[in-house]
Protein chains: 6
Amino acid sequence: MKIPKVLVQEIIARALEEDLGWGDITTRALIPQCQAKGSVLVKEAGVLAGIHILEQVFHSVDENIQVQVLVEDGAKVRSGDVVAIAKGSASSILSAERVALNFLQRLSGIATLTSRYVEAVKGLPVRIADTRKTTPGLRVLEKYAVRMGGGFNHRQSLSDGVIIKDNHLAILRSSGQSMREIVAKARESVPHTVKIEVEVETVEEAVAAAEAGADVLMLDNMSLEEMRGAVRGVAGRALLEASGGVTLENVRRIAETGVDIISSGALTHSAKALDISLELERGAV
Amino acid sequence: MKIPKVLVQEIIARALEEDLGWGDITTRALIPQCQAKGSVLVKEAGVLAGIHILEQVFHSVDENIQVQVLVEDGAKVRSGDVVAIAKGSASSILSAERVALNFLQRLSGIATLTSRYVEAVKGLPVRIADTRKTTPGLRVLEKYAVRMGGGFNHRQSLSDGVIIKDNHLAILRSSGQSMREIVAKARESVPHTVKIEVEVETVEEAVAAAEAGADVLMLDNMSLEEMRGAVRGVAGRALLEASGGVTLENVRRIAETGVDIISSGALTHSAKALDISLELERGAV
Amino acid sequence: MKIPKVLVQEIIARALEEDLGWGDITTRALIPQCQAKGSVLVKEAGVLAGIHILEQVFHSVDENIQVQVLVEDGAKVRSGDVVAIAKGSASSILSAERVALNFLQRLSGIATLTSRYVEAVKGLPVRIADTRKTTPGLRVLEKYAVRMGGGFNHRQSLSDGVIIKDNHLAILRSSGQSMREIVAKARESVPHTVKIEVEVETVEEAVAAAEAGADVLMLDNMSLEEMRGAVRGVAGRALLEASGGVTLENVRRIAETGVDIISSGALTHSAKALDISLELERGAV
Amino acid sequence: MKIPKVLVQEIIARALEEDLGWGDITTRALIPQCQAKGSVLVKEAGVLAGIHILEQVFHSVDENIQVQVLVEDGAKVRSGDVVAIAKGSASSILSAERVALNFLQRLSGIATLTSRYVEAVKGLPVRIADTRKTTPGLRVLEKYAVRMGGGFNHRQSLSDGVIIKDNHLAILRSSGQSMREIVAKARESVPHTVKIEVEVETVEEAVAAAEAGADVLMLDNMSLEEMRGAVRGVAGRALLEASGGVTLENVRRIAETGVDIISSGALTHSAKALDISLELERGAV
Amino acid sequence: MKIPKVLVQEIIARALEEDLGWGDITTRALIPQCQAKGSVLVKEAGVLAGIHILEQVFHSVDENIQVQVLVEDGAKVRSGDVVAIAKGSASSILSAERVALNFLQRLSGIATLTSRYVEAVKGLPVRIADTRKTTPGLRVLEKYAVRMGGGFNHRQSLSDGVIIKDNHLAILRSSGQSMREIVAKARESVPHTVKIEVEVETVEEAVAAAEAGADVLMLDNMSLEEMRGAVRGVAGRALLEASGGVTLENVRRIAETGVDIISSGALTHSAKALDISLELERGAV
Amino acid sequence: MKIPKVLVQEIIARALEEDLGWGDITTRALIPQCQAKGSVLVKEAGVLAGIHILEQVFHSVDENIQVQVLVEDGAKVRSGDVVAIAKGSASSILSAERVALNFLQRLSGIATLTSRYVEAVKGLPVRIADTRKTTPGLRVLEKYAVRMGGGFNHRQSLSDGVIIKDNHLAILRSSGQSMREIVAKARESVPHTVKIEVEVETVEEAVAAAEAGADVLMLDNMSLEEMRGAVRGVAGRALLEASGGVTLENVRRIAETGVDIISSGALTHSAKALDISLELERGAV
């Protein structure tokens, strides 16, 4: 399911304003009125995400550009693949190119990195999930890219999920509240539609939080041994989410501990852009 | 010189709206009215950028939070450094934490990566420069981070610099224009305040473009040998910018060819976030 | 916990632009530069909500108006109560008055209506909850007002809760999916932080959905008898939410069936404004 | 005459952003790509308003949804009436449904309440008029709904009409100005295109204000007897507007006093939403 | 009465974004952290308007700049007058200078031109009024400037005044409606707070429109002779507004015909900016 | 090359909101649903600019209005020329008319004034250039109009060009920096894509700045004699821009001194609107 246009049109408009400034002076100076064909060419292997954003960027610059999407988001792509073709005014395509690619490259980079984590845990009953460590202003797009890479979304914002984190606990424990009291107090006031997640640092804390009624436990920076202990100790009374220090190297071992979710901020804050370019030729319409 | 607040206030407001949704339900449910002290703690070595953006985020959530900036942007930081302290309402600090860190981590990541390139070419008369391959919506911040890392900014948008790229040339050559005609035509219409840059792929093209009056030549994906040829052939008649395929491994060798500028999209599109966290303690005001 | 200013400043700015137009021509024509004191006077009994929004409206018009909040949101008020006093430029107070009251009256109206439902079910283990039937553009404020009236919030948006409603089921059943398949499919893809709610119309559907693993059941327009049947049949395997046809007259009887949540769109879409006015006197500073 | 789209597109975009959040997770999880037909079904008698806003909401979510408007704004509707049909992607219709109905229900509620007042004074030469007591951010729509219900608009904002209210008079009288001076001073500076309205509380004040040249008198909370006195005393020298304490029960008696306009904030601040729903069926295109 | 900040803060923010782009590269490159004093110096005689907008611009760039307003809007100024002094960071003052002056020069230009028309009709009972021919996006400011120059505002927008213009009449007359029917129909539906103005081209039309009940007549491009005829013919039954072809040369003669209002688009669409500059000196704080 | 719509759609939307307010009450009251034809008629000689903005305004009000552009921007027009025809709903055309004309008249006014300066220097190798003295919020349009009049654009903002002006020098000289140091320091940090311009007031300063490596010299308010001296002294080492006190009377004499660019703020801050109107007739579709 594509992202509704109404949710991204402002993001795209701002990106274009940022890149066009008061207009593309190179193109204005040099390019005659003519038709051209731009091929969106992938230059390294990965997973595609954002192809309809690219389409929407072209249409935002010039509604007469025709964009043929050849490969859909979520597909694996290889170097040499042409994933879309834009036909129309050469000037318009040149002016839209960079912004269109900036979106596509970044989102495909996230989808690609996510897919590597997903691939690494293949066959194991675990979710690779994102975090709130996304680029300011682009969360809706980056979380979409995680899904395209086969990952799952964690909560979107502070308003749609409860995680009682170490910094909350630092405040609450200083007033002597028990985990049971804390979980009960949270449950009492938040919407009945959300689960209660608690960050824990030891197996004992995990067990205590599960017994206190937490729905999900975030195992923060635990060793594999501790995670296994938590899986045993909690024994299905809560979902377990491993978080912190997750890498492509250790993700499968983490998954093998039996946790239900592995979340990583790196999916969104440290993905490299996928190399994609646009090749233009004149008159090819 | 700090970025004027008026240029980032909307970026910050949108990031907060995105992360707060309809409010921080965890904090609302649990955290009493109390004062707290949050220490912004660096967890890996790098170069800081965005500390005043972090400050502005805290103030946007609650103007009564007091932020002490202990380390200024551009400084080298090490794991364990506390770079700022936020004091005020525990609830406010908790609600602002993630957005504040998202900005600081991303910008410091860019500054850190840039500084590695700058370090790698130390002593050589060359600029490390960014490109337009920035995160949509954050260009003003990301280009600032490049400067904080010791890098230089290339043009900001299509309106404030002329680069006649391969895709322009694909259109122009199909109508038989010579490089001399192309450069002259560009010069003729663009503001007298900007230089004319041309993308070239061979030494011959470089020499031709220099003779045609281009001010800057972008040497696109040339081998080191070709770059040296371009340096010799152009002989100071134009600035030379190496672009494409730049890595930390080869950047010094590129610099040693004698080019004036080395630009890399990776500085902004593929930097990893710097690991920075916030540690909260109650009543510490 | 107050609503963060950053979430309402645009709502307030637009409301002021709407009401000020190109300026208050009456005040501009007649009112001299002088100080005045405006008393915010409640004229009928209810529950207050929005007093800090009123304060923010006054400050948005003139940062020098001093607002003393005498009664906090959530408090019961009676006719004759003065809940806040604004002191400052007479012109500024006159220009801000209507917008400030429009917010306060509407939100207090919602809090008041909510509190009547809450009062009606006093002593019973049930939540009065809102819906998404809120005024376009004001959801964050209206859901706050529900909380101030002692009610609870349901999901905020389509992105932070799952309700499989009759219209979804109309589509899904036409392709022959069982309730078990539907619930499993939803669980499989949505964030692990949210619960799955299903709308049901009969006791049988309720039992089936609970057995299929739904976390919450929305009992749509059921009779009291059917609700009791659902409570018995589901036997604690899911939370039960009564919805549809809830009135102040029948809400206690609904609560007595044993459902966990009673939700009503009327709290927000059909609340009457609470009668509140501002009385101005000159020179009283 | 429909409201120009340019005046409501931002209101609609914000409402959709508010309700979609980062996307409709229920629909995304469950609904296959398929066509559906949604019938907009009225469930209680009233007057319709906002049917083209509903249409615009559907188009904002998905420009390919086809909306057939079967009943135009201003028409009387009864329970069971289908007023519009939306055909297109099932997912899109499901995602747009709530926002579309929220607008339509609220505006139809206002039109319906207005029409009851209009009906109540049928045959008498009097206008039912709205006030500035509208929902913040929706004034243009709510005043439209009043017109659809047969009512009339009062001034839109502080900038397009002059009403010298009790709070103005409280300031002005403290400096000893006479009504004649006050009206003259207002006339002297406001645009020549607007009339001068004065709020009065007694027959004597009414007569004095008319003699002072006021064009319209707002009779504030007068008894029927006083209103009749004002009608006699003013004798056509000014328009008379009854305001305050107007109800469906007393509105005809007020009209019979001979006043020209009866205004009521309740039309917009206390109207109940009209019950309207959307019934979806698959494949019906 | 100053324009409420909330009405101009977006206009100012956009103007600064437009002028700062991604930052003031000259100042950033060269200017050290130091204090400076900028004197706002008038360089030709005129009437000041916008001095508090200039102040707000400086504060929008840097809230620590101290602005002393030495001359208030509406005052006559001469070459050499210093009307305000800004003290603070040299960089901030340099970055804000152009935008601040652009507002002040344009608004003072309008006030100055208006004041010349006002001066030209001194002693005669006539208003100089503006039109809707204002700069897109700046109407609230430009109409303020007209008032500062001693002029009066006509309607602000299509929603707050009725003018039945030639283009309306072209449509209406083609369906054979009489002036009496047209005026009655307008009166019947527009708010009771606004007057009905009709554009007329001959004395006969003027008399007919007055008899039809129009409140104001716009005498479009009439000769002085015709205007005198209209004044005699209408005989006080309506206000008369002369419009079209008004110049500083003929405005007094027009006023002497006895019309009540003279309106001119030139006040806003063709005013020359007043010459005002900023002189900076270092360390002067 | 037309201005991309995405760069002006917000400017147009705001202008329409400003002019429509809550709707066109005159048209709403009087005009039946009917088709009409509006001819955009030039009433004085000049150069056209903004015809596609006019088109976009009509489409923003009603996408069904058909606009035929008969004369393109940049063309010379004479009184009596019809430059565009709008066909469609009479109401829509009437509601859009003023805003459409406001843009077209202002931009054509700027193009016309610019073309007079261009005409005045015909045959001489000099550019007529604009400045940053543009109307706040409309720079992108006004600089477009300058180009349509045959002029050239100077830098767009503080971020895309370096001009070291008198106010910078006032600060810098107080710390004893030489021109050579100043130019070098600027060059060292600004993007390599921009030139360095320096404002000079004497021939000696001009020569010194050229020798210091400045690319462009702004000759500020120099006499013709001094300009000639600067041309001789600089001898082609830098571009020379005459600025200050430029009029239609002296511009050719300035050009004859041999300067390369003549810039004038008057092109944008003091142009008179070109007289253009719309003539409507019914049923002409």
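In this predicted model, the side chains of D:D19 and C:R132 come together in a salt bridge, with 2.7 Å from N to O. That pairing is part of a bigger picture: four salt bridges turn up across the interface of chain D and chain C. Polar contacts add to the tally, with 42 residue pairs between chain D and chain C, both partners at pLDDT 80 or more. On the chain D side, helix 4 (residues 90-120) hands over the largest share of what touches chain C, namely eight residues. Sorted by class, the residues on that side of chain D come out as 32 nonpolar, 21 polar and 17 charged.

How much surface goes into this meeting of chains? A handy way to put a number on an interface is the accessible area lost when the parts come together. For chain D and chain C, the area buried is about 5700 Å², and carbon and sulfur atoms give 57% of that. Within chain D, the residues that lose the most area to chain C are D:E18, D:L30 and D:I171, which together make up 13% of what that side buries. In terms of residues, 70 from chain D are in contact with 70 from chain C.

Next up is the interface of chain E and chain F. Here the contact draws 70 residues from chain E and 70 residues from chain F. Between them, chain E and chain F bury about 5700 Å², with 57% of it on carbon and sulfur atoms. The salt bridges between chain E and chain F number four. In one salt bridge, the side chains of E:D19 and F:R132 meet at 2.7 Å, N to O. For polar contacts between chain E and chain F, the count is 43 residue pairs, both at pLDDT 80 or more. Helix 4 (residues 90-120) of chain E gives the most to the side that touches chain F, supplying eight residues. That side of chain E breaks down into 32 nonpolar, 21 polar and 17 charged residues.

Some pairs of chains don't touch. Chain A and chain E stay out of contact, and their nearest C-alpha atoms are 8 Å apart. Chain C and chain F also have no contact joining them, with their closest C-alpha atoms lying 8 Å apart.

Zooming in on chain B, two residues show how neighbours can come from another chain. B:K5 is found in helix 1 (residues 5-20) of chain B. Is B:K5 buried or partly exposed? Its relative accessibility is 38%, so B:K5 counts as partly exposed. Setting aside neighbours within four places in sequence, B:K5 is in contact with B:Q56 from its own chain and E:E63 from chain E. B:K5 and B:E249 sit 244 residues apart in sequence, and in space their C-alpha atoms are 37 Å apart.

B:T193, on the other hand, has its place in the loop between helix 7 (179-189) and strand 8 (196-200) of chain B. B:T193 counts as buried because its relative accessibility is 5%, and the cut-off for buried is under 20%. Leaving out residues up to four places away in sequence, B:T193 touches F:H154, F:R155, F:D160, F:V194, F:K195 and F:E197.

Over in chain F, helix 5 (residues 139-148) is mostly covered, with ten of its ten residues buried. Among those buried residues are F:R139, F:E142, F:K143 and F:R147, along with F:V140, F:L141 and F:Y144. Just past the end of helix 5 of chain F, F:G150 takes a positive phi of about 95°.

What about cysteines? A disulfide is a covalent bond between the sulfur atoms of two cysteines. Over all chains, the count of disulfides comes to zero. D:C34 has a relative accessibility of 12%, so D:C34 counts as buried. For E:C34 the relative accessibility is 12%, which means that E:C34 counts as buried.

Finally, stepping back to look at a whole chain, chain A has eleven helices and twelve strands. The C-alpha trace of chain A spans about 75 × 35 × 25 Å along its principal axes. What share of the 285 residues of chain A counts as buried? The figure is 65%. Among contacts in chain A with a separation of 6 or more, 69% are between residues 24 or more positions apart.

Note on methods. Residues are numbered from 1 along each chain as its sequence is written. Chains are lettered from A and ligands numbered from 1 in the order in which they are written. Side-chain values use heavy atoms; hydrogens and water are left out. Contact means heavy atoms within 4.5 Å. Buried area is the accessible area (1.4 Å probe) that two parts lose on being put together, summed over both. A polar contact is a pair of N or O atoms within 3.5 Å; within protein, one must be able to donate a hydrogen and the other to accept it, and residues adjacent in sequence count only if both atoms are side-chain atoms. Helices (H or I, at least four residues) and strands (E, at least two) are DSSP runs, numbered from the N terminus. Ala, Val, Leu, Ile, Met, Phe, Trp, Tyr, Cys and Pro count as nonpolar, Asp, Glu, Lys and Arg as charged, and the others, Gly among them, as polar. A disulfide is a pair of cysteine sulfur atoms within 2.5 Å. Buried means under 20% relative accessible area, exposed over 50%, partly exposed in between (1.4 Å probe, protein chains only).
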